[in-house]
Amino acid sequence: MFTPPIRFGTDGWRAVIADGFTFERLSIAAQASAQVLTRTYPGEGIVVGYDNRFLSEQFATHTAEVVASLGIPVYLSTGAAPTPAFSWAAKQQGCHGALVITASHNPAHYSGLKVKGGFGGSVPPEITTQIEQEMQNLSSANTQKAPIQSWDPWPSYVTQLSRFVDLEKLKGSPAKIWVDAMFGSGSGGLTRLLGDTITELQAYRDPLFGGFAPEPLPQNLHKSSQIIAADPAPLKMGLVFDGDADRIAAIDGQGNFLSPQILIPILMDHLAGRRGLRGEIVKTISGSELFVKVAEYYGLPITEMPVGFKYIAERMMSTEVLLGGEESGGIGYLGHIPERDALLSGLYLIEAVTDTGQDLSEIYRTLQERVGFTSVYRRRDLHLADQTQQTQVLEKLHLDPPLEILGQKVVKHFDQDGHKLTLANSSWVMIRGSGTEPLLRLYAEAQDIESVNHLLDWASEIAKGGAPTA
């Protein structure tokens with residue numbers, strides 16, 4: 001049976017446990033990653049952490065043993081914690097970097113390895129390329145084994161987050177605050193900061209994630225939405241973290257799902273408006289046009305990047321970035337590490353509701369009116385038989401891109417990361433392959449839900465080979 005080579009996607013390597021992801025293959029990836037990290041980033045030692053998935057502790061311990069056998073000291077986490085906690089630890093402790101056992105939002109049968117640099121964020125593409133090359137020429141370790149030190153990542157991480165908000169003010173918030181941890185490693189995080197102000201859902205370890213992938217999408221959150229909608233509190237909000245708590249979504253007081261396409265403009269408005277902060281806004285190509293409108297409203301520069309927070313992180317290291325966000329919910333902030341952080345996003349959203357006394361959806365509607373831009377966005381995931389089918393669809397769009405879609409002329413074609421097609425009426429549709437699963441992600445934004453669904457249906461037909469490209 002063919003086992004595909006170890007390849008790093010938008011944020012690390014992920015594969016099915018006991019198939020592509022085995023202890024033997026993890027040894028190869030961990031050794032290569034550790035060797036490249038120590039050559040690239042100054043420091044001492046490597047942090048090893050993990051999430052709540054099946055066998056995560058064992059995979060982490062194995063990773064620590066591999067790294068220590070290279071003569072590199074290891075700080076091995078005593079428990080599961082958010083990925084940004086390990087990124088922060090790598091920087092705060094002066095390490096070469098961090099290796100985190102997590103498959104993030106992937107289904108339960110996946111595990112993975114994220115590689116973080118000593119600066120506190122995901123390593124750039126040229127480093128993952130070096131790691132892939134390093135795996136082809138590994139030699140046996142012949143140095144004296146370095147120590148493995150057990151260590152709790154939570155205290156330092158919580159202290160860092162507490163620097164960004166007034167915790168006492170948030171503890172007195174007029175809102176009832178729910179947090180759905182989706183059985184992931186963010187469980188208990190905001191409770192550590194805000195105590196019994198927080199009411200948690202799905203905050204215990206379940207390696208099967210309740211039968212859903214730990215990804216904050218509406219189809220995975222029906223139960224939580226119903227619980228929050230039924231709460232009699234006059235003002236309430238729900239925050240949702242993915243499996244390793246580096247991505248966020250939300251639920252409003254009526255139980256409606258709020259995607260990051262809604263939350264990022266709210267956060268931009270809060271930081272630039274009520275907080276008076278300045279800096280560049282960085283968005284990925286799948287981000288809403290409302291990001292642009294809010295940036296223009298506040299006179300903030302804005303830069304567009306391919307999908308993948310590592311591209312945003314690079315920009316954050318060279319520029320004063322107020323907020324860098326991707327449509328999947330990964331958001332990073334000025335003054336913190338160049339890393340997406342769901343818990344910090346959650347604190348800022350609680351602050352916005354506390355300051356305004358308004359429901360998140362009300363804040364969003366008011367913002368749309370203020371900047372004069374209203375739109376509807378949806379994403380649809382299309383599962384495929386294998387990666388080959390994904391490649392064929394994207395290659396077809398490359399060779400024969402459409403000039404017109406549903407009667408609208410294509411005025412812009414961005415093809416650096418999938419294919420984003422902007423139409424004459426300012427709506428857009430995008431087809432992009434997943435870097436970790438055999439599926440296509442279909443995105444669309446338009447003036448109304450009917451138009452969005454028509455664009456997504458068109459993209460689905462293209463992906464299935466049943467519609468013309470022009």
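## Helix 9 and its surroundings

Helix 9 and helix 10 are roughly parallel to each other, because angles under 35 degrees count as roughly parallel and the axes of these two helices cross at roughly 10 degrees. The axes come within 9 Å, with helix 10 spanning residues 289-297. This is a predicted model, so please read what follows in that light.

Let us look at who touches whom. From helix 9, the contact draws on P260, Q261, I264, P265, M268 and D269; helix 10 answers with L290, F291, V294 and A295. Sorted by class, the residues of this contact are 8 nonpolar, 1 polar and 1 charged.

Now turn to another partner of helix 9. Helix 9 covers residues 260-274 and helix 12 covers residues 342-356; their axes come within 10 Å and cross at roughly 65 degrees. That angle makes helix 9 roughly perpendicular to helix 12, since the range for this label runs from 65 to 115 degrees. The handedness of this crossing is left-handed.

On the helix 9 side, L263, I266, L267, H270, L271 and R274 take part, and they meet S345, Y348, L349, E351, A352, D355 and T356 of helix 12. Here the residues divide into 7 nonpolar, 3 polar and 3 charged.

Helix 9 also has a sheet to deal with. It lies across strand 12, strand 14 and strand 15, and runs at about 170 degrees to strand 14. Those strands belong to an open sheet of 4 strands with mixed pairing, in the order 13-12-14-15. At its edges you will find strand 13 (302-305) and strand 15 (331-333), each of which pairs on one side only. From one strand to the next, the twist averages 15 degrees.

Inside that sheet, strand 12 (residues 280-284) pairs with strand 14 (residues 321-325) in the parallel sense, over 4 bridges. To find your way into this pairing, start at I281, whose bridge partner in strand 14 is L323.

Finally, a stop at a single residue. E314 sits in helix 11, which spans residues 309-318. Is E314 buried or exposed? Its relative accessibility is 34%, and therefore E314 counts as partly exposed, the category between under 20% for buried and over 50% for exposed. Setting aside neighbours within four places in sequence, E314 is in contact with P124, P125 and E126. As for A108, this residue is 206 residues from E314 along the chain, and the C-alpha atoms of the two are separated by 30 Å.

Methods
Residues are numbered from 1 along each chain as its sequence is written. This is a predicted model: local features need pLDDT of at least 70, side-chain atom pairs count only at pLDDT 80 or more; totals for chains, interfaces and linings use all residues. Side-chain values use heavy atoms; hydrogens and water are left out. Axes are lines fitted to C-alpha atoms, for helices over the stretch in contact, and angles run from 0 to 180 degrees between N-to-C directions. Angles under 35 degrees count as roughly parallel, over 145 as roughly antiparallel, 65 to 115 as roughly perpendicular and the rest as oblique. A crossing is left-handed if the near helix is turned anticlockwise from the far one by less than a right angle, and right-handed if clockwise. Contact means heavy atoms within 4.5 Å. Ala, Val, Leu, Ile, Met, Phe, Trp, Tyr, Cys and Pro count as nonpolar, Asp, Glu, Lys and Arg as charged, and the others, Gly among them, as polar. Two strands pair if DSSP finds at least two bridges between them. Buried means under 20% relative accessible area, exposed over 50%, partly exposed in between (1.4 Å probe, protein chains only).
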